[in-house]
Amino acid sequence: TIQAFLGADLGKVVAEALTPASAKDHPEQELALFRALGRKGSVSLVKKVLEEQDTLTKLATHIMESAQKIAAVDAATGEELNDKFAAGGGFVMCFGGRSDY
């Protein structure tokens with residue numbers, strides 16, 4: 001899925017945008033900031049912070065880099081990898097039964 005290909009890095013990009021520089025040395029400030037945002041913040045405030053940090057460009061860059069990596073490999077999923085081996089060697093990868101473990 002696209003979500004699996006993108007991984008947790010998109011959340012990291014957003015978290016970096018929302019985390020003030022002072023919280024990097026004082027991680028406890030992150031929780032306090034997020035609570036304050038939840039209590040008194042707004043969607044427009046979040047959008048403003050994300051825009052100021054150029055987060056959309058960073059997200060778009062990460063998305064393109066991930067898509068380019070997937071486009072460059074022959075097999076991006078387990079099913080595609082299985083198909084590649086089956087086509088080349090005439091076998092299907094499978095898991096063993098309980099007795100094999």
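**Exercise 1. The chain as a whole**

Determine what share of the contacts in the chain with a separation of 6 or more comes from residues 24 or more positions apart, and describe the helices and strands of the chain.

*Solution.* Step 1. Residues 24 or more positions apart supply 56% of the contacts with a separation of 6 or more, a contact being heavy atoms within 4.5 Å. The model is predicted: local features need pLDDT of at least 70, side-chain atom pairs count only at pLDDT 80 or more, and totals for chains, interfaces and linings use all residues. Residues are numbered from 1 along each chain as its sequence is written, and side-chain values use heavy atoms, without hydrogens and water.

Step 2. The chain contains seven helices and zero strands (DSSP runs numbered from the N terminus: helices H or I, at least four residues; strands E, at least two). In sequence order the pattern reads α-α-α-α-α-α-α.

Step 3. The chain has 101 residues, and 10% of them count as buried (under 20% relative accessible area; exposed is over 50%, partly exposed in between; 1.4 Å probe, protein chains only).

**Exercise 2. Helix α2 against helix α6**

Establish how α2 and α6 are oriented and which residues meet between them.

*Solution.* Step 1. Helix α2 covers residues 9–18, and helix α6 covers residues 55–72.

Step 2. The two helices pack at an angle of about 160°, and their axes are 10 Å apart (lines fitted to C-alpha atoms over the stretch in contact, with angles from 0 to 180 degrees between N-to-C directions). Therefore α2 is roughly antiparallel to α6 (over 145 degrees; under 35 is roughly parallel, 65 to 115 roughly perpendicular, the rest oblique).

Step 3. On the α2 side, the residues that meet α6 are Asp 9, Leu 10, Val 13, Val 14 and Ala 17. Their counterparts in α6 are Thr 55, Lys 58, Leu 59, His 62 and Ile 63.

**Exercise 3. Helix α2 against helix α5**

Work out the orientation of α2 and α5, then examine Asp 54 in the loop between α5 and α6.

*Solution.* Step 1. Helix α5 spans residues 43–52, and its axis lies 9 Å from that of α2, at a packing angle of about 100°. The two helices are therefore roughly perpendicular to each other.

Step 2. Val 14, Ala 17 and Leu 18 of α2 make this contact with Val 46, Val 49 and Leu 50 of α5. Val 14 and Ala 17 also appear in the list of α2 residues that meet α6.

Step 3. Asp 54, in the loop between α5 and α6, has a phi near 55°, a positive value in a residue other than glycine. Its relative accessible area is 41%, so Asp 54 is partly exposed.

**Exercise 4. Three residues of helix α6**

Classify Ile 63, Ser 66 and Ile 70 by accessibility, and identify residues distant in sequence with which they are paired.

*Solution.* Step 1. Ile 63, in helix α6, is partly exposed because its relative accessibility is 38%. Apart from residues up to four places away in sequence, Ile 63 touches Leu 6 and Leu 10. Between Ile 63 and Ile 2 there are 9.5 Å from C-alpha to C-alpha, although they stand 61 residues apart in sequence.

Step 2. Ser 66 also lies in α6, and its relative accessible area of 9% makes Ser 66 buried. Neighbours within four places in sequence aside, Ser 66 is in contact with Phe 5 and Leu 6.

Step 3. Ile 70 belongs to helix α6 as well; with 29% relative accessibility, Ile 70 counts as partly exposed. The C-alpha atoms of Ile 70 and Phe 5 are 7.8 Å apart, for a sequence separation of 65 residues.
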